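Reader: Hey, I've just opened this one and I'm new to it. Mind if I throw some quick questions at you?
Author: Go ahead.

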Amino acid sequence: MVAFGKKLKERQIQEWQGFYINYKLMKKRVKQYANQIEVGTQDRRHVLKDFSRMLDNQIEKIVLFILEQQGKLASRLKKLREQHDALEEQPEISQITELREAYRAVGQDLLKLLYFVEMNAIGLRKILKKFDKRFRYRFTDYYVKTRANHPYSQLQQVFKHVGLGAVVGAISRNLHELQDRQGSYLSIYDPPALPLQDPVVDAIKAAVDRLTYSTNFLNFLAQHALIMQEELPAPADERVDEEKYHFMSLLLNLANTFLYMVNTYIIVPTADDYSMSLGAAATVCGIVIGAMAVAQVFSSVYFSAWSNRSYFRPLIFSSIVLFVGNAMYAMAYDMNSLTVLLLGRLFCGFGSARAVNRRYISDCVPLKIRMQASAGFVSASALGMACGPALAGILQTNFKIYNFTFNQNTLPGWVMAVAWLVYLIWCWISFKEPSRDTEEPNASGSVKIENGALEEGKQPLLITSEEKQVEDEDPEGDGSEEAPEESRQPATSFMSAYRLLTPSVKVQLLIYFMLKYAMEILLSESSVITTYYFSWSTSTVAVFLACLGLTVLPVNIVVGSYISNMFEDRQILLASEIMVCIGILLSFHMIIPYTVPQYVCSGLIMFVSAEVLEGVNLSLLSRVMSSRLSRGTYNGGLLSTEAGTIARVIADATITVAGFLGQSQLLNVTLLPSLLISVTSIVATCYTYNSLY
């Protein structure tokens, strides 16, 4: 990966060369500050003042140039408007065509200006991050807050490209009017029945989307998938994306995600009954549910490696293995074999292709819709999580065909086996293997980091994938522009990946482990707990679990659209951790009788808080993870998946082990580790962000 300083030099528009941020000079100045403070010739306060002044001067240079270029574009648009008005009186096809091309030419120049703004915005974020890292000081928060909220803010011009929106609107509206609409009087401000978008407008919109980090529902939801847009894609890269993209293949990829989540949770309401019907204790349901997660620990690795070479073959293999696993799960009842039951669930886990699902979106979906595809991945997972238990509640019947029994225990297996068989046929017929770049098979991974920008009235973590190359391009902090080639290579093993984790990343993974552990305890033991305390039927448990699953999307809408606009991510993170801890505390059965309202309310608090925590945590994780973990087999997506899967395995094992103490002790014994891990994560969060930021 090329260092940002070199990339900035290579991608500069030559005629605008003197107006870019002087990134190399500022890097050297940061090094000089560090040396001066170390030898005692300069104090920290003077350094902060001097660096602030330098940044202000650089931003002013950039902004004045942007305003100058905006004025030139506005003048050209004004002249074109006059020509447009004249054509309305005496329209001529040749002149309309020329005018349309003139508007497109303005659009191309606007694209150049947007790219100029983008390069400078990344340079500003990178140098701020480098300063914070070198001096262990939260200068970024101070600088952004003081400059962004000022009424004469120049920083807003860079991060929010104020004024350029009017130019975009003028180009879009006039190109729209000049298209042949067959007598239609619709404008861009009306909802057209058949929208026709000029290619240059699409390109401008994609550039604006890359430049603007809008804290909304889709962005917030997409962060759950750890699949983000890469910064500064070359036009050639976008063309490659278009060539690789195949809508039906993306739909099949999302269908695989949905079916796998249904497969995971469809057995939860009946796992305890199934275990008892085979002569085991009800708490053996922990092993039955967790067997799938155990296998997924291993399948995530080989599927991640396999996706370096193919997407079609892993999905076919996944479908076959899941078909076999579900058939074994269903047939275990008539075979009266707990071993076959567990082997069936293990097979299901070995068919987990979520690493392939993430990788496909990351590598083969065009940048302009990658955020929507990422949000679709998370939505499919959430919908599958809700549909699984709901489907189990419907499958309340009992009959036999030949020697096969179909009841509430076996039907989940039979239904999923049929679903995977249908999916296998559909995938075989419709999936299109994308073309691959054979020169760099590991060039892209399952985690790509999205461009961040300034939200008004908010102190963001201005850290992006380019910024995360700080360690890579300047590992010794000596101000050199480039690091050795091997220092930018992706991790080749779990140990090498672990060594790349900074303290803040380790804390984020601990939080992810904690929330997955707490959620798995709540979900997996729900059937046993509610049967023991409240005598709930399978249908009632299924409704409860389905309702929990249905909260995922509404909660993310509220947090992504409103809460994240009012508070820092770190504030939401800590508040969510505390709420998870409160939910766990309220779930304990103490002296008073255990009631349905207590169980439902505490479970809802815990689950909803964990969902909020997951989104914010993965958002922060994507921004602080090394760029070397954004590609290759052992990438950040795999690490987070493994952390969550191991948490689920340990949680399910805890349920089974605690079952030996009796069902009366099961609730408190399983909640105790959740409480300890939750308190530990809160302490680690407070310590890490107080010391590093």
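Reader: Which helix is I425 in?
Author: I425 sits in helix α18. Keep in mind that this is a predicted model.

Reader: And is I425 buried or exposed?
Author: In between: I425 counts as partly exposed because its relative accessibility is 47%, and buried would need under 20% while exposed would need over 50%.

Reader: OK, what nonpolar patch is there on the surface?
Author: I425 belongs to a patch together with I320, F323, V324, L343, F347, L421, W428 and I429. Together they have about 830 Å² of accessible area.

Reader: Which elements give two or more residues to that patch?
Author: Those are α14 (312-335), α15 (338-350) and α18 (411-430). The most come from α18, with four residues.

Reader: Switching to the inside: which residues touch the most other members in the largest nonpolar core?
Author: Y423, F431, I584 and F607 do, in a core of 116 residues. Helix α21 (residues 503-524) gives the most to this core, with 14 residues.

Reader: What does F431 touch, leaving out residues up to four places away in sequence?
Author: F431 touches S249, L252, Y311, F312, L315, Y360 and W426.

Reader: How many residues are in the second, separate core?
Author: That core has 47 residues, including M26, I62, I66 and I171.

Reader: New topic: how many disulfides?
Author: The count is zero.

Reader: What about C427 and C601, buried or partly exposed?
Author: C427 is buried, because its relative accessible area is 0%. C601 has 46%, so it is partly exposed.

Note on methods. Residues numbered from 1 in each chain as written. Predicted model: local features only at pLDDT ≥ 70, side-chain atom pairs only at ≥ 80, totals over all residues. Heavy atoms only, no water. Core = buried A, V, L, I, M, F, W, Y, C linked by side-chain atoms within 4.5 Å. Buried < 20%, exposed > 50% of the residue type's maximum accessible area, 1.4 Å probe, protein only. Contact = heavy atoms within 4.5 Å. Patch = residues over 30% accessible without salt bridge, like charges linked within 9 Å, V, L, I, M, F, W, Y side chains within 5 Å. Areas by Shrake-Rupley, 256 points an atom, 1.4 Å probe, with all protein chains shown as cover. Salt bridge = Lys/Arg side-chain N within 4 Å of Asp/Glu carboxyl O. Disulfide = S-S within 2.5 Å.
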